[in-house]
Amino acid sequence: GPQSNAMVAIAAIVHSKNEELKEIMGIRRTDDDEDSLLDIVQRGLDELDPETDFEEEDTGNDLLSMDEAAFILELDDEKDQDQQQGSTGSSFSQYSSFTGHRYKKKRFVYYTKKIPRYLRKQPNGNLLRAMSLGMEIVELSNVRYAELFGGDYGGSPIAPKEIKAPIPGRSLWIPQGGACGVAVPGARLLAKEILTFWAKQGRDVPLSVCVPGGTCTTGMLLHREMTALLKQREAEGQPELDIQIVVVPCVGDDTYAMRQMMALDENTGGPGRASDTPTILRPHADGNYGSSRRRLGGYFVFGEPAAAILQTFQEMKESHHVFLDLLYGAPAWSLLLQHWRATPSNGVGKALRGKRYIDDSCPIAGRQVMYVHSGGQEGIASQLTRYKHKGLIDSNELQ
C-alpha cells in the first residue's frame, strides 16, 4: 500500500545510490533540488495517471528476479568497489554516457492500490518520505492489483508478464515485502550481528528473536541463516548457543504466514518444508476478541485501527519509552505482552526467575526476548489520522 515500510526503505536505497552517482560525476545540486518536500511530492501526485495501461507481452527476460537479481546486486557491489578505488574498467562503462550534468538516474517504480483521497490531498508519512526521495507511483484498481499480485502465497518472485520493465535488461523486480533472493544477503548479515552480540552478551541464556511478519520474509530468511550459522558454530566446536526466531504474524493468521514462508523458502533455494520454518507466536485461544479478530484466531486485521493496538502503542511509548509503528510494531507487541502477562511458569532460568509467562510451550517462555524493529515511524502520523477518523483518539493527540 501507499504507506508501506518496505516502500520507503527501497526509496531511500535508490535515492542514496543516485546521490552517490551524482558525487562520482561531480554533479552539483540544482535549483530543483532546493524544492520543498511537499513541492516534490505534489508534483509527483499531479503527474499520476488515473489508470495504467499495460502492454500484453511477455517481458520476463527484461526483469531480473530472485537469485539472478542477487547475483547482479553482488556484481554491482564489486564494480562500485573498483570504481571507488579509481578503476576505469567495466564499472565505469555503465556510466559511460554521462556528459556534463546528465547521468543515468536509477528509478524506483512502485505499484500500489489507489491512494486514498485524504492522503492524495495531504500526503504524509511513508508516502511523503518515499515520493520526496524520488519514487514513482503506478496506481491500480483493487481488481487489477489482485489480478497482478494476488494469491494465497503472497507476492510472486516473478514479475507479472503484463508489467513492462522500465529499462529492459537492467531492471530489478522486487515483490511485495521483498520476498525474493535479493533479501538473503541482508538476512545473513542480520543473523551474524545477532549471533555475535549474543555470544558476547547472552550469558548462556536462551534467546527468542521476535520478528513482526507481513510477508514474513525477514523471519523466514533470518531463521534459515541463523540455523546455518549455529550448525557451523557447532561444527567448529564453539560453545553452544540457544537462539530461535519467532515470527509474530501481522497480516493474516498463522496459516497464511506458514504458507508464505514455505513458498519463500522453496523459491529461494530451500526445501520449502514446514519443519524448516521459524516458530510462529499464536494468540491466546480464550482471548476476549471482537468478531473480526475471532475470525483470524485472535490476530488483528492488518491496517484496521483497533483499540488494543492503540493501547499497546501508548503503553510502550509512555511506560517504556519505546516508539512503535501501528501497522507492525504495536500489533506484534500486543500479542507479545499477552503472553508476557500470563500465568507464571516454574523452572525458568535463574536470570528470568519470577517473570510471568504463559506455559513452557510458549516460544518466549523462560527466554530473553530480542525484538527486531521493522521501521515505519515515518508513517505514524498518517496511521494516527485513521484512528482519529475511527473515533479512537482526539485531534489533540495527533502528532
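Angles under 35 degrees between helix axes count as roughly parallel, over 145 as roughly antiparallel, 65 to 115 as roughly perpendicular, and the rest as oblique. Keep that scale at hand for this tour of a predicted model.

**Stop 1: the whole chain**

Start with a cartoon view of everything. The protein has 14 helices and eight strands. Colour by burial next: of its 399 residues, 45% are buried. If you draw a contact map, take the contacts with a separation of 6 or more; 73% of them join residues 24 or more positions apart.

**Stop 2: α9 against α10**

Select α9 (217-235) and α10 (254-267). Their axes are 9 Å apart and pack at an angle of about 55°. That angle falls in none of the named ranges for parallel, antiparallel or perpendicular, so α9 and α10 are oblique to each other. The crossing of this pair is right-handed.

Now show side chains. On the α9 side, pick Thr217, Met220, Leu221 and Arg224; they meet Met261, Leu264 and Asp265 of α10. By class, the residues of this contact are four nonpolar, one polar and two charged.

**Stop 3: Met261 and the core around it**

Stay on methionine 261 and hide its neighbours within four places in sequence. What is still in contact with it? You should find Cys216, Met220, Val247, Thr277, Pro278 and Ile280.

Met261 also belongs to the largest nonpolar core, which has 30 residues. Along with Met261, the residues with the most contacts inside this core are Cys210, Leu281, Trp333, Leu336 and Tyr371. Which element supplies the largest share of this core? Select α13 (329-340): five core residues come from α13, the largest share. Other elements that each supply at least two residues include α8 (184-201) and β6 (243-249).

Another core lies apart from this one; it has 17 residues, and Trp198, Leu222, Leu229 and Ile243 are among them.

**Stop 4: α8 against α9**

Keep α9 on screen and add α8. These two helices pack at an angle of about 55°, with axes 8 Å apart, and that makes α8 oblique to α9. α8 passes α9 in a right-handed crossing.

For the contact itself, select these two sets:

- From α8: Val184, Ala187, Arg188, Leu190, Ala191, Lys192, Ile194, Leu195 and Ala199.
- From α9: Thr218, Leu221, Leu222, Arg224, Glu225, Met226, Leu229, Leu230 and Arg233.

Coloured by class, the contact of α8 with α9 shows 12 nonpolar, one polar and five charged residues.

Zoom in on valine 184, which is found in α8. Is valine 184 buried or exposed? Its relative accessible area is 11%, under the 20% cut-off, so valine 184 is buried. Beyond its neighbours within four places in sequence, valine 184 is in contact with Leu221, Arg224 and Glu225. Try a distance label from valine 184 to leucine 221: they are 37 residues apart in sequence, yet 6.4 Å apart C-alpha to C-alpha.

**Stop 5: the loop after α8**

Move along to the loop between α8 and β5 (207-213), and select arginine 203 there. Most residues other than glycine have a negative phi. Arginine 203, though not a glycine, has a positive phi of about 50°. With 70% relative accessibility, arginine 203 counts as exposed.

Aspartate 204 is in this loop too, between α8 and β5. Aspartate 204 also has a positive phi without being a glycine, at about 65°, and its 75% relative accessibility makes it count as exposed.

**Stop 6: α12 against α14**

Finish with α12 (residues 307-320) and α14 (residues 380-389), whose axes come within 12 Å and cross at roughly 135°. That makes α12 oblique to α14, and the crossing of α12 and α14 is left-handed. Show Ile309, Leu310 and Phe313 of α12 together with Ile380, Leu384 and Tyr387 of α14, since these residues make the contact. The class count here is six nonpolar, no polar and no charged residues.

Then colour α14 by burial: the buried residues are Ile380, Ser382, Gln383, Leu384, Thr385 and Tyr387. The elements covering them include α6 (125-132) and α12. Last of all, click on glycine 391 just after α14, where phi is positive at about 75°.

Terms used: Residues numbered from 1 in each chain as written. Predicted model: local features only at pLDDT ≥ 70, side-chain atom pairs only at ≥ 80, totals over all residues. Heavy atoms only, no water. Axes fitted to C-alpha atoms, helices over the stretch in contact; angles between N-to-C directions. Helix = DSSP H or I, 4+ residues; strand = E, 2+ residues; numbered from the N terminus. Left-handed = near helix turned anticlockwise from the far one by under 90°. Contact = heavy atoms within 4.5 Å. Nonpolar A, V, L, I, M, F, W, Y, C, P; charged D, E, K, R; others polar. Core = buried A, V, L, I, M, F, W, Y, C linked by side-chain atoms within 4.5 Å. Buried < 20%, exposed > 50% of the residue type's maximum accessible area, 1.4 Å probe, protein only.
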